[in-house]
Amino acid sequence: EWKPEGISALITGATSGIGRATAELFAAHGVNLILCGRRQDRLEELKKKLISQAKVHILNFDVSDKKSVFKAISSLPPSFSQIDILINNAGNAHGLDTIDQGDPEDWDAMLDINVKGLLYVSKAIMPQMVERKKGHIINIGSIAGKEVYPKGNVYCASKFAVDAITQGMRIDLNPHGIRVGSVDPGAVETEFSEVRFKGDSERASTVYNGFKPLIAEDIADIIYFVVTRPYHVNIADLLVLPTAQANATVINKIP
Ligand code: NDP
Ligand code: 8X3
């Protein structure tokens, strides 16, 4: 039977959306947390909110900044340095343009954060899991990592890469008894579209008009389900869509 006592989870992108909802749910079950993100005010606010439920440590770093990642994770105090669960969630889409019109700065951001950032954070944590022959890594992929949609180009490439990295991790960490899987959501209403459209919240909200999207708490519930299976059960890959969404492009929108 799974018990949260003494278990600790490091969640990247805990300042918003799926990461924050997961942190809140984990804390409610008494899982100790290392919460990561770049927005210090939000990290502090979340720590204040959750500290009565679990032990909480906050780490402010940019996942795409290799040096900061290793520095931050190696700075963890002894009571937090053993990480049982890693949720690689930090990431975003930047822009929605045809490939010929895409902004190379957006491409850099998506590949640096969604792909390389996930690798850096994992690299900082995997050795201790290998040493302990125990651990669970959950990568947040996307339906965009299963299907390419118009103007999705580089964002989809970043999430296809996450899918490949998840499969690679599962193979290479297999001899060490480490669980590795991905949770791949469809449309979830978070700050995702605000970031994609660079703060244009009106445009962002049109993405979710006319149907009921998933909310961050829906995905948090699923992540909690995944981590609480008995240790011999590994949920390898879970695609989760709103009922109104059939695939990356087919959404039943009622005007
Ligand atoms: P949000 O924009 O609400 O949250 C994104 C989180 O990532 C924030 O906490 C942000 O924190 C963090 N983040 C972004 N860039 C960096 C960076 N360079 N360094 C450190 N942290 C960073 O979006 P979601 O919650 O929706 O997104 C979470 C994950 O879910 C992403 O990987 C996304 O691709 C994926 N996803 C989202 C879907 C959706 O429809 N919403 C569907 C499928 C997958 P801060 O800004 O404080 O650094
Ligand atoms: C986020 C979902 O369909 O906007 O990964 O790419 S989608």
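**Note on helix packing, Ser-81 and the ligand shell**

1. In this predicted model, helices H3 and H4 are roughly parallel to each other, because angles under 35 degrees count as roughly parallel and the two pack at an angle of about 30 degrees. H3 spans residues 66-74 and H4 spans residues 104-132, and their axes lie 9 Å apart. The crossing of the two helices is right-handed.

2. The contact between these helices can be described residue by residue. H3 contributes Lys-66, Val-69, Phe-70 and Ile-73, which meet Tyr-120, Val-121, Ala-124 and Ile-125 of H4. By class, the residues of this contact comprise 7 nonpolar and 1 charged, with no polar residue.

3. Ser-81 is located in the loop that runs between H3 and strand E4 (85-88). Its C-alpha atom is separated by 9.1 Å from that of Gln-128, although the two residues are 47 residues apart along the chain. Ser-81 has 14 other C-beta atoms within 10 Å and is therefore partly exposed; a residue would count as buried at 20 or more such atoms and as exposed at 12 or fewer.

4. The surroundings of ligand 1 comprise 30 residues, of which Gly-13, Gly-17, Arg-38, Gly-91 and Phe-192 come nearest. At least two residues of this shell are supplied by each of helix H1 (17-28), H4 and helix H6 (192-196). H1 provides the largest share, 3 residues.

5. As to the composition of the shell around ligand 1, 14 residues are polar, 12 are nonpolar and 4 are charged.

Technical notes:
Residues numbered from 1 in each chain as written. Chains lettered and ligands numbered in written order. Predicted model: local features only at pLDDT ≥ 70, side-chain atom pairs only at ≥ 80, totals over all residues. Axes fitted to C-alpha atoms, helices over the stretch in contact; angles between N-to-C directions. Helix = DSSP H or I, 4+ residues; strand = E, 2+ residues; numbered from the N terminus. Parallel < 35°, antiparallel > 145°, perpendicular 65-115°, else oblique. Left-handed = near helix turned anticlockwise from the far one by under 90°. Contact = placed C-beta atoms within 7 Å. Nonpolar A, V, L, I, M, F, W, Y, C, P; charged D, E, K, R; others polar. Near = placed C-beta within 6 Å.
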